[in-house]
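The exercises below concern side-chain pairing and burial in a single chain, and each is followed by a worked solution. Please look over the sequence and the structure before starting.

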Amino acid sequence: KMVASGFCSIWGSCCSSSKSEASDILNHYTIICFDETDTEIKDLKVKPTASWSDFQLTISEVYGSQAMFAYDDGSGVDHPVRNEKEWNQFMDLLRSDKVVNGEYDILLLAAGSWSKYEQQQKSVQASKV
């Protein structure tokens with residue numbers, strides 16, 4: 001009986017509260033970078049306090065030229081990160097419960113290529129309908 005109640009407390013309603021505590025304790029997130037061919041390029045450790053300018057330098061080094069990135073917030077729609085405001089929205093998402101084990105996948109793109117990428121995505125989605 002003791003084991004069962006212990007098991008319940010691990011998997012029961014307390015999970016939601018321990019999950020948010022865990023995200024507060026996280027001293028970094030693991031951002032997994034992919035390229036447009038869906039190939040994993042590199043895992044980056046990102047502190048919750050990281051700035052967009054620092055992160056852009058890092059991904060530009062990984063990408064090999066000035067870079068931006070896109071991410072899917074779970075709705076199936078990709079969102080661009082090209083500036084501090086969009087970076088802050090992404091960081092808010094990382095702090096939310098949508099992040100599993102502090103890991104999140106992003107797509108690295110050349111800086112300035114968002115509109116081209118977005119067009120491609122729209123034509124892909126249109127062809128699926």
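R95 has a relative accessible area of 41% and is therefore partly exposed, a class that lies between buried (under 20%) and exposed (over 50%), as found with a 1.4 Å probe and protein chains only. The model is a predicted one, in which local features need pLDDT of at least 70 and side-chain atom pairs count only at pLDDT 80 or more, while totals for chains, interfaces and linings use all residues. Residues are numbered from 1 along each chain as its sequence is written, and side-chain values use heavy atoms, with hydrogens and water left out.

**Exercise 1.** Determine with which residue R95 forms a salt bridge, taken as a side-chain nitrogen of Lys or Arg within 4 Å of a carboxyl oxygen of Asp or Glu.

*Solution.* Step one is to find the partner, D92, whose closest O atom lies 2.9 Å from the N atom of R95. Step two is to place the pair: both residues lie in helix α4 (residues 84-95), three residues apart, about one turn of the helix, where a helix is a DSSP run (H or I, at least four residues) numbered from the N terminus. Step three is accessibility, and D92 counts as partly exposed because its value is 49%.

**Exercise 2.** Establish how many salt bridges the structure holds, and describe the one formed by R82.

*Solution.* The structure holds two salt bridges. R82 pairs with E86, the closest N and O atoms being 2.7 Å apart. At 40% relative accessibility R82 is partly exposed, whereas E86, at 12%, is buried.

Note on methods. Helices (H or I, at least four residues) and strands (E, at least two) are DSSP runs, numbered from the N terminus.
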